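The following questions and answers concern charged side chains and cysteines. Please consult the sequence and the structure shown here.

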Amino acid sequence: SVLDVGWKWEERPSGTPDAHICHWADVQTCAGKTIRVVASAATQAGMAASAVLATKMILTFRPQCIIMVGIAAGTRTHSDSRNYGDVLVANESFDSGSGKLSARDGKSVLEPDHHPIAISKVLLTRLKDLGRKRTYLDEIRARWPARTPETALNLHVGPIGSGAAVINSRQAVREIMQHCRKMIGLEMEIYGVYVAATETQPLPKFLSFKSVCDFAQTKKDTWREYAAYTAAQYCCQFIVNEMDRFLDATAGSRKDSDEI
């Protein structure tokens with residue numbers, strides 16, 4: 001879906017065999033600045049594979065910003081809910097399986113020990129404002145060529161948990177939300193990318209766009225392609241229309257890099 005956003009991608013040549021194929025595109029922003037976007041995909045799902053790829057890309061391309069794009073399971077509560085295709089931004093991510101396994105009443109119980117990693121306040125403020133104003137959302141939904149959910153497309157900013165396993169249980173989601181009641185989604189990679197971005201030099205800014213394809217129960221692929229589309233398209237809109245101000249704000253310390 002990222003390669004289908006309409007940019008002119010070229011495969012990056014490599015002199016040696018590599019497990020990761022990279023594509024790059026020179027993209028003109030709305031302010032007339034040309035920036036280079038490099039895209040790649042992990043060889044498998046999970047935090048470990050995503051952390052390896054993110055680290056590799058930071059060391060190779062020295063980007064000012066690294067963005068995770070994909071799909072996730074959304075959460076629903078009595079006061080707030082997500083819908084199919086809605087774009088989720090992890091203002092902070094945590095490993096939902098980290099902690100201590102103890103025995104209680106003959107059952108294994110996880111005592112969580114989460115270490116959330118948060119995006120920058122500058123990015124957080126802007127993303128919340130975009131969501132409040134519904135910027136880009138209606139036009140993205142209108143361009144989808146097939147059937148769309150009956151609900152409007154929305155942007156949600158909040159905590160997202162990353163886990164090692166695919167979750168297909170409402171009870172499992174409830175148990176995680178007992179320790180993070182504002183969690184908006186669950187997936188398998190973001191935390192690995194955020195760890196890499198905070199522990200690899202040169203330090204880039206980082207964020208994620210993952211859209212709701214299911215609700216971690218009775219999994220079906222009905223809205224999978226639509227969710228992948230909305231996440232990729234929103235990322236594209238953010239880069240073209242918002243990234244200029246972000247790159248300009250960091251240019252003083254990162255003059256050697258113009259890549260994302």
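Q: Which residue meets Lys-210 in a salt bridge?
A: A salt bridge is a side-chain nitrogen of Lys or Arg within 4 Å of a carboxyl oxygen of Asp or Glu. The model is predicted: local features need pLDDT of at least 70, side-chain atom pairs count only at pLDDT 80 or more, and totals for chains, interfaces and linings use all residues. Residues are numbered from 1 along each chain as its sequence is written, and side-chain values use heavy atoms, with hydrogens and water left out. At 2.7 Å, N to O, the side chain of Lys-210 meets that of Glu-189.

Q: How many residues apart in sequence are the parts that Lys-210 and Glu-189 tie together?
A: Lys-210 lies in strand S11 (residues 205–214), whereas Glu-189 lies in the loop between strand S10 (185–187) and helix H5 (190–199). Helices (H or I, at least four residues) and strands (E, at least two) are DSSP runs, numbered from the N terminus. The pair therefore ties together parts whose separation in sequence is 21 residues.

Q: Is Lys-210 buried or exposed?
A: Buried means under 20% relative accessible area, exposed over 50%, and partly exposed in between (1.4 Å probe, protein chains only). The relative accessible area of Lys-210 is 2%, so Lys-210 is buried.

Q: Why is Cys-235 in no bond with Cys-236?
A: A disulfide is a pair of cysteine sulfur atoms within 2.5 Å. The closest cysteine sulfur to that of Cys-235 belongs to Cys-236, and the separation is too far for a bond, at 7.5 Å.
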